[in-house]
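Me: Please take me slowly through one part of this structure, and show me how its neighbouring pieces are arranged around it. I would like one connected account that I can follow with the picture open.

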Amino acid sequence: MLSRFVILVCTTCALLSLEPVTAEDTESLILRPNDRLVLCGDSITSINKYAVELAYYIEACRPDLGVRCYQNAVSGESTERFLGRIDSNCIELWRPTVVTISYHNDSRLDSDIAKAGERYRNNLNQVIDRFGKNDCRVILASSAILGPSW
C-alpha cells in the first residue's frame with residue numbers, strides 16, 4: 001500500500017504545478033486544460049485503480065483543468081511489446097495530449113545488460129518519437145535498467 005502511495009504522489013508531483021496560476025499562464029503547466037493523460041507502462045503502472053486514484057487527486061488539486069486519465073498499462077509488458085500496440089491501442093484509442101511512460105521489464109529480456117540497455121534506449125526513443133509526432137507531451141517515469149535477476 002505504501003508503494004502505491006509513493007508512486008501516486010511522485011507521479012502527481014511530476015504532473016501538477018501546485019502554485020496558483022492565472023488562466024493566461026497555463027503554458028507553464030505540464031497538465032493543461034482538458035488534457036487526456038494516458039498512463040503507459042508495466043505492472044507498476046497497471047496497479048488496480050492507479051489511474052482512478054490519480055484522476056481523483058488531480059481533480060481535487062486542480063478541478064479547473066478538467067483532465068481525464070486513462071490507464072494503458074499491461075503487466076509484464078516491455079517497451080518492445082508496447083511499440084507493437086502503441087498506435088491502435090493508445091494513440092488512436094485515447095488521443096492523448098500527455099502520457100507517462102514507465103517500463104521496467106526490458107532488462108529481464110537479455111542477460112547481457114549492455115545489450116538490454118541499448119535495446120531499451122532505442123525502444124524508448126521510438127515511443128517518445130511516436131507520441132511527439134502526435135503532438136503529445138511525454139513524461140518519462142522509467143529511469144533504470146535493473147538487470148535480469150531483479
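Reply: A good place to begin is Arg36, whose bridge partner in β2 is Arg68; please keep in mind throughout that this is a predicted model. That pair belongs to a longer contact, since strand β1, residues 36-41, runs parallel to β2 and is joined to it by six bridges. Helix α2, made of residues 50-61, packs on the sheet here and touches both β1 and β2, with its direction at about 160° to that of β2.

If you now step back to the whole sheet, you will find four strands in the order β2-β1-β3-β4, paired in parallel and forming an open sheet. The edges are taken by β2 (68-73) and β4 (137-140), each of which has a single partner strand, so one side of each is left without a neighbour in the sheet. From one strand to the next, the twist averages 20°.

Moving inward, β1 also pairs with β3 in the parallel sense, over five bridges, and here Cys40 has Ile101 of β3 as its bridge partner. On to β4, the parallel pairing with β3 rests on four bridges, and Thr100 finds its bridge partner in Ile139 of β4. Strand β3 itself is mostly covered, with five of its five residues buried. Both of its faces are covered, for Val98, Thr100 and Ser102 are buried on one side, while Val99 and Ile101 are buried on the other. Helix α4 lies across β1, β3 and β4, and runs at about 170° to β3.

Just past the end of β3 it is worth following the aromatic rings, which count as a pair if their centres lie within 6.5 Å. By this rule there are three aromatic pairs. In one of them, the rings of Phe82 and Tyr103 have centres 5.5 Å apart and planes at 35°, so this pair is tilted. Because Phe82 lies in helix α3 (residues 79-94) and Tyr103 lies in the loop between β3 (98-102) and α4 (113-132), the pair ties together parts that are 21 residues apart in sequence. Phe82 counts as buried, since its relative accessibility is 0%, and Tyr103 is buried as well, with a relative accessible area of 0%. Ring pairs also bring in Phe131, so that Phe82, Tyr103 and Phe131 are linked into a cluster.

Definitions and conventions
Residues are numbered from 1 along each chain as its sequence is written. This is a predicted model: local features need pLDDT of at least 70, side-chain atom pairs count only at pLDDT 80 or more; totals for chains, interfaces and linings use all residues. Side-chain values use heavy atoms; hydrogens and water are left out. Rings of Phe, Tyr and Trp (its six-membered ring) pair if their centres lie within 6.5 Å; planes under 30 degrees apart count as stacked, over 60 as edge-to-face and the rest as tilted. Helices (H or I, at least four residues) and strands (E, at least two) are DSSP runs, numbered from the N terminus. Buried means under 20% relative accessible area, exposed over 50%, partly exposed in between (1.4 Å probe, protein chains only). Two strands pair if DSSP finds at least two bridges between them. Axes are lines fitted to C-alpha atoms, for helices over the stretch in contact, and angles run from 0 to 180 degrees between N-to-C directions. Contact means heavy atoms within 4.5 Å.
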